[in-house]
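This report goes through the side-chain contacts of one protein model. Please have the sequence and the structure open while reading.

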Amino acid sequence: MPPTMKQEMMRLTDGGLAELWGLTESVATLISPSEMIDRPNSVGRPCPGMDIKLIDHEGHDVTFKGEGEIVGRSTNLMNGYWNRPDTNTEILWESKEGIRYIRTGDVGEFDDDGYLYIRGRIKDMLISGGLNVFPADIEAILIENSDVHDACVIGVPHEKWGETPVAFVTPNERCSVDPINLADWLNTRVANHQRVSKIVVWESDFPRNTLGKVLKHELKKKWSEIQSRDES
């Protein structure tokens, strides 16, 4: 949940909001209202009976050593997906002690007190100029702009950098978004490798699946159409 949304929910609930992050298949974390005050970007610590580690792309344990893919186990760890043996093999990770964990596909990082911070989805990550870029970091800054209702960042091919971020935004009611001015505003607030090459104003809600998650492949298809039109 973006920090700005957390702050608004805290205001509306008079400090009564607790956030739960997790997967039905394995693990969850929880952060209480009082903890959110000092750690608005965190999703909290593992719930009782749950264990979370971070691993690098080679499968090495990097817990408390920086960012890594979140893997977890718990007393209610699922046995596997029904009739999907290939998928079950892909999502499993075993520690040196032979303990089985489930890969979440999310990238996270722990602070020194054991609070988890979600950096983004591995499949959404793009590499620009050899550096990892997580769309969620850029999206969180975009929605801080008073004219922006929602934002979604995708990675598109770039001749020089390999990939570059492009942002789609939906305006707030009665607001008009100038994509060039918004890009200038954003790019002064992010690292050089996170700077967007273009912003596209999307006048309706983003395409979503039944769980409400944005269908980024639809936005990538739209970007391809925009590129084709501009080149013709």
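The text below covers salt bridges, two buried residues, aromatic rings and nonpolar cores.

The model is predicted, so local features need pLDDT of at least 70 and side-chain atom pairs count only at pLDDT 80 or more, while totals for chains, interfaces and linings use all residues. Residues are numbered from 1 along each chain as its sequence is written, and side-chain values use heavy atoms, with hydrogens and water left out.

**Salt bridges**

The structure holds 18 salt bridges; the term means a side-chain nitrogen of Lys or Arg within 4 Å of a carboxyl oxygen of Asp or Glu. Three of them are listed here.

| Acidic residue | Basic residue | N to O distance |
|---|---|---|
| E19 | K6 | 2.8 Å |
| D111 | R39 | 3.0 Å |
| D113 | R39 | 2.7 Å |

E19 lies in strand β1 (residues 19-22) and K6 in helix α1 (residues 3-12), so their salt bridge ties together parts 13 residues apart in sequence. Helices (H or I, at least four residues) and strands (E, at least two) are DSSP runs, numbered from the N terminus. Both E19 and K6 are buried; buried means under 20% relative accessible area, exposed over 50%, and partly exposed in between (1.4 Å probe, protein chains only).

R39, in the loop between α2 and β3, and D113, in the loop between β7 and β8, are 74 residues apart. Shared partners join R39, D111 and D113 into one network of salt bridges. Within this network, D111 is buried at 17% relative accessible area, whereas D113 is partly exposed at 49%. The charged end of R39 also sits over the ring of Y115, 3.9 Å from its centre. For this, NZ of Lys or CZ of Arg must be within 6 Å of the ring centre and within 35 degrees of the ring normal.

**E35 and T29**

E35 is part of helix α2 (residues 33-38) and counts as buried, with 19% relative accessibility. Its side chain reaches the backbone nitrogen of S32 at 2.9 Å. Not counting residues up to four places away in sequence, E35 touches L30, R45 and Y115; contact means heavy atoms within 4.5 Å.

T29 belongs to strand β2 (residues 28-31) and is buried at 0% relative accessibility. A polar atom of the T29 side chain lies 2.9 Å from the backbone oxygen of V43.

**Aromatic rings**

There are 4 aromatic pairs. Rings of Phe, Tyr and Trp (its six-membered ring) pair if their centres lie within 6.5 Å; planes under 30 degrees apart count as stacked, over 60 as edge-to-face and the rest as tilted. One pair, F168 and W202, is edge-to-face, with 5.8 Å centre to centre and 70° between the planes. F168 and W202 are both buried, and they form one aromatic cluster with F206.

**Nonpolar cores**

The largest nonpolar core has 18 residues, and those with the most contacts inside it include I138, L142, V169 and L182. Such a core is a set of buried Ala, Val, Leu, Ile, Met, Phe, Trp, Tyr and Cys residues joined through side-chain atoms within 4.5 Å. Leaving aside neighbours within four places in sequence, the contacts of L182 include L142, V169 and I199. A second, separate core of 11 residues includes C152, V166, W223 and I226.

Notes. A polar contact is a pair of N or O atoms within 3.5 Å; within protein, one must be able to donate a hydrogen and the other to accept it, and residues adjacent in sequence count only if both atoms are side-chain atoms.
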